[in-house]
Amino acid sequence: MPRPYAGGMKGSKGHSSDEPLAAFLRARRHRVRPEHHRLAPGAPRQVPGLRRDEVAFLAGISTDYYVRLEQGRERRPSRAVVKSLSEALLLDDVAARHLRELSDTGSAFGGEAPCMDTDRLDAVHQLLDSMTVPALLVNRWLDIVGSNTLGDLLHEGLEPRDNYARLVFLASGAQAFFTEWPELARCMVAALRAQAGPEAGSARMTQLLKELAAHSDVFKATWGEHQLYEKTIDRKLFRHPRVGSLVLDQHVLELPGSGGHRIWAFHPADGTTSNALLRLASPALPSGPPLSPPAAAGRARRP
C-alpha cells in the first residue's frame with residue numbers, strides 16, 4: 001500500500017502531519033540508521049531509522065524538545081539547533097537549506113502563485129522567443145507560465161500543460177513520451193518539494209498535491225518520502241510522436257528577484273536530436289495534435 005502524502009492529513013497522537021517542519025523531521029529520521037552514527041542498534045525496532053531520543057542526543061538537545069518539534073508543537077528552532085539537526089539527520093546541502101527555510105518561516109504560508117511584474121514578465125517572454133532551443137518559464141510550483149514555440153512543440157499532444165508535475169503524472173501519454181518515466185517521476189516529486197520550499201504548506205500547493213495524490217499512486221507514495229532534488233542540468237530522453245527519440249540536456253536558469261521563477265532550456269545533446277528539432281519546427285512536417293496559433297506560442301500560459 002502506498003504511504004499517504006504529507007500534506008493535508010492529520011496524524012495520530014496529536015501529530016499535525018500537515019505541519020511541514022514536523023513531517024520533514026519524521027521522514028528524514030526514519031532514513032538514518034544507528035550504525036550511520038556508530039550507535040549500537042540495540043533491541044529490534046518497530047520502525048526503521050533512529051529513535052527520537054537518539055536524534056536528540058546526536059543534536060545535543062533534550063528529547064522533550066525534539067518530540068515537540070516532531071509533533072508540530074515547536075516550529076521555530078534556533079539556527080544552532082537546525083545546524084545540529086542537519087548533522088544528526090545526515091542532510092545534504094539541499095536538504096539542510098530546506099530545513100532552514102522551514103524553520104525560518106514557521107507556519108506562515110501564502111495562498112497566491114508567485115508572480116513577476118508585467119515588464120519583467122514581458123522581457124522574459126522576449127528572451128524565450130529569441131532562444132533557438134525549446135524553453136519554458138516555470139514558477140516555484142512548476143506552473144508553466146510561458147514557453148517559446150519549440151517548447152510548445154516539444155510537449156505537443158500532452159495535456160494538461162499548465163503545470164509540469166500535472167503533465168508528468170496526469171497526461172495520458174506521459175509514460176510513453178518520457179522514456180525514463182519512473183526515474184523522472186521521482187525526480188519531479190523531489191524537485192517540486194525543493195522548489196516549493198516552505199510554500200509546500202500553502203493553500204495553492206495543498207490543492208495541487210491533493211489532485212496529484214488522488215490520481216497517481218506513484219505520486220502519493222513518493223511525496224511522503226520527503227526527498228529533495230535541486231535541478232541544475234539533467235539529461236532527458238523523450239519519445240516524440242512526430243520526430244521520434246530525442247536526447248536533450250535540460251538547463252535550469254535562475255531568475256534572481258523573480259519569486260522563484262526559472263527558465264528550463266532543453267539543449268540537443270547530439271546531432272540526431274538537433275536535426276529532429278529542426279524537423280519539428282518545420283511547417284512542412286505533417287501536423288500532429290492541434291497546437292496553439294504560432295503568434296501565441298511564446299506568450300504566457302496562465303495557470
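This report walks through a predicted model of one protein chain, starting with the whole chain and then zooming in on a few helices and residues.

**The chain as a whole**

Let's start with the big picture. The chain holds 14 helices and five strands. Of its 303 residues, 50% count as buried. If you take the contacts between residues at least 6 apart in sequence, 58% of them join residues at least 24 apart.

**Helix 2 and its two partners**

Two packed helices are described by the angle between their axes and the distance between the axes. Here is how that works out for helix 2 (residues 52–59) with helix 3 (residues 63–70) and with helix 4 (residues 79–88).

| Helix pair | Angle between axes | Distance between axes |
|---|---|---|
| Helix 2 and helix 3 | roughly 115° | within 9 Å |
| Helix 2 and helix 4 | about 120° | 8 Å |

What do we call these arrangements? Angles of 65 to 115 degrees count as roughly perpendicular, so helix 2 and helix 3 are roughly perpendicular to each other. Helix 2 and helix 4, on the other hand, are oblique to each other.

Now for the handedness. Helix 2 and helix 3 cross in a right-handed way. The residues that meet there are Arg52, Asp53, Val55 and Ala56 from helix 2, and Thr63, Tyr66, Val67 and Glu70 from helix 3. Sort the residues of this contact by type and you get four nonpolar, one polar and three charged.

Helix 2 also passes helix 4 in a right-handed crossing. On the helix 2 side, Val55, Leu58 and Ala59 make the contact, and on the helix 4 side it's Ser84, Leu85 and Ala88. This time the split is five nonpolar, one polar and no charged.

**A closer look at helix 3**

Which residues of helix 3 are buried? They are Tyr65, Tyr66, Val67, Leu69 and Glu70. Helix 1, helix 2 and helix 4 are among the things covering them. After helix 3 comes glycine 72, which has a positive phi, near 80°.

**Arginine 29, tucked in helix 1**

Arginine 29 belongs to helix 1 (residues 20–29). Is arginine 29 buried or exposed? The cut-off for buried is under 20% relative accessible area, and arginine 29 has 8% relative accessibility, so it counts as buried.

What does its side chain reach? The side chain of arginine 29 comes to 2.8 Å from the backbone oxygen of leucine 50. It also makes a polar contact with the side chain of glutamate 70, at 2.5 Å. That glutamate is one of the buried residues of helix 3. Setting aside neighbours within four places in sequence, arginine 29 is in contact with Gly49, Leu50, Arg51, Arg52, Val55, Tyr66, Glu70 and Leu89. Among these, Arg52, Val55, Tyr66 and Glu70 also take part where helix 2 meets helix 3.

**Two more residues to find**

Try looking up histidine 125 in helix 6 (residues 118–130). Histidine 125 is buried, with a relative accessible area of 3%. Its C-alpha atom lies 6.9 Å from that of glycine 146, and the two residues are 21 residues apart along the chain.

Then hop over to serine 274, which sits in helix 13 (residues 271–281). Serine 274 is partly exposed, with a relative accessible area of 28%. How far is its C-alpha atom from that of valine 133? The separation is 9.2 Å, although serine 274 and valine 133 are 141 residues apart along the chain.

Technical notes. Residues are numbered from 1 along each chain as its sequence is written. This is a predicted model: local features need pLDDT of at least 70, side-chain atom pairs count only at pLDDT 80 or more; totals for chains, interfaces and linings use all residues. Side-chain values use heavy atoms; hydrogens and water are left out. Axes are lines fitted to C-alpha atoms, for helices over the stretch in contact, and angles run from 0 to 180 degrees between N-to-C directions. Helices (H or I, at least four residues) and strands (E, at least two) are DSSP runs, numbered from the N terminus. Angles under 35 degrees count as roughly parallel, over 145 as roughly antiparallel, 65 to 115 as roughly perpendicular and the rest as oblique. A crossing is left-handed if the near helix is turned anticlockwise from the far one by less than a right angle, and right-handed if clockwise. Contact means heavy atoms within 4.5 Å. Ala, Val, Leu, Ile, Met, Phe, Trp, Tyr, Cys and Pro count as nonpolar, Asp, Glu, Lys and Arg as charged, and the others, Gly among them, as polar. Buried means under 20% relative accessible area, exposed over 50%, partly exposed in between (1.4 Å probe, protein chains only). A polar contact is a pair of N or O atoms within 3.5 Å; within protein, one must be able to donate a hydrogen and the other to accept it, and residues adjacent in sequence count only if both atoms are side-chain atoms.
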